[in-house]
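Me: I would like to go through some labels given to this model and the reasons behind them. Please set each value against its cut-off.

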Amino acid sequence: MKKRAGKMSGVKFPGVIQLESQMEAALVRCMQVDPRVVSLKPQPCTIDMGTGRAFANKEAALEAYEGRRYKPRLYTPDLEVKLFDGRVFYLDAKHSAHIDKKPEYLVYPSLLAEVGISLVIVTEDLLQGPVDRNAWLLLQGQAEETAPQLASRMVSLKQQRVTFKELRENTGIPQAKILRLILDGYLVFDFSREALGPSTHLNTANRDRRHLEVIEF
């Protein structure tokens, strides 16, 4: 439940973004490797949970209600993600200890669904497991390009199941390139449950990136 501000750059958002916690940073990393996500935005808006009305930020919401008897219940999700199919979701990383103190967080998705807003609450059960470290590692290969001949070698490998170490040593493919092949779906492993390392078994595939989809939208 550590809170530590940090900054991050990436390919699915412009510039550098400010992050409020380690869990939020882990969520951003997971969304950067998720093939369904085309763009993301941190702290996208502030929502009045009483009306479902969205504002640019908390200050704009307070200004809108200034001088009124009505007191808004303001909520700012961590991320807005836009998917390849055009859908938009808000995501919020919440530690179970915070949910225990404020259990109404659990009803936020159903409340917002009534006004057409899709919200997913993500806890440490996912974000503090191997998935965050795996996402961090895979991002090291995001700047690499997958050469067509390299991808063809993966599809035509006689050995369809090989460890990371064996692939690197027997083929001479650099680690960064292997990471890129995983991102592109030519190699797959249990991304959400197994920590990626030298002994990790990688299965060959033909651009199957579903193993990188860790959140149910």
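Labels and their reasons

Me: Why is Arg36 called buried?
Reply: The model is a predicted one. Arg36 has 18% relative accessibility, and buried means under 20%, so Arg36 counts as buried.

Me: What makes Glu213 and Arg36 a salt bridge?
Reply: Their side chains meet at 3.9 Å, N to O. The cut-off is within 4 Å, so the pair qualifies as a salt bridge.

Me: Why is this pair said to tie together parts that are apart in sequence?
Reply: Glu213 lies in the segment after strand S12 (201–204), while Arg36 is in the loop between helix H1 (22–33) and strand S3 (37–42). The two parts are 177 residues apart in sequence, so the pair ties them together. Asp34 belongs to a network of salt bridges with Arg36 and Glu213.

Me: Why is Glu213 called partly exposed?
Reply: Its relative accessibility is 31%. Exposed needs over 50% and buried under 20%; Glu213 meets neither limit, so Glu213 counts as partly exposed.

Me: How do you know that Glu144 and Lys177 form a salt bridge, and which parts of the chain does the pair link?
Reply: The N to O distance is 3.5 Å, and the limit is 4 Å, so the pair counts as a salt bridge. Glu144 is in the loop between helix H6 (130–139) and helix H7 (148–155), and Lys177 is in helix H9 (residues 175–183), 33 residues apart. Glu144, at 28% relative accessibility, counts as partly exposed, and so does Lys177, at 22%.

Me: What makes Arg193 exposed, and what is Asp190?
Reply: Arg193 has 66% relative accessibility, and exposed means over 50%, so Arg193 counts as exposed. Asp190, at 34%, is partly exposed. The closest N and O atoms of their salt bridge are 4.0 Å apart.

Me: What makes the nonpolar surface patch, and where does Val107 lie?
Reply: Leu106, Val107 and Leu111 make a nonpolar patch of about 250 Å². Val107 lies in the loop between helix H3 (96–101) and helix H4 (108–113). Its relative accessible area is 39%; patch residues need over 30%, so Val107 passes that limit.

Me: Which element has the lowest mean pLDDT?
Reply: H7 has the lowest mean, 74, and strand S7 (residues 79–83) the highest, 97. The protein averages 90, and 95% of the residues score at least 70.

Terms used
Residues numbered from 1 in each chain as written. Predicted model: local features only at pLDDT ≥ 70, side-chain atom pairs only at ≥ 80, totals over all residues. Heavy atoms only, no water. Helix = DSSP H or I, 4+ residues; strand = E, 2+ residues; numbered from the N terminus. Buried < 20%, exposed > 50% of the residue type's maximum accessible area, 1.4 Å probe, protein only. pLDDT = per-residue confidence, 0-100. Patch = residues over 30% accessible without salt bridge, like charges linked within 9 Å, V, L, I, M, F, W, Y side chains within 5 Å. Areas by Shrake-Rupley, 256 points an atom, 1.4 Å probe, with all protein chains shown as cover.
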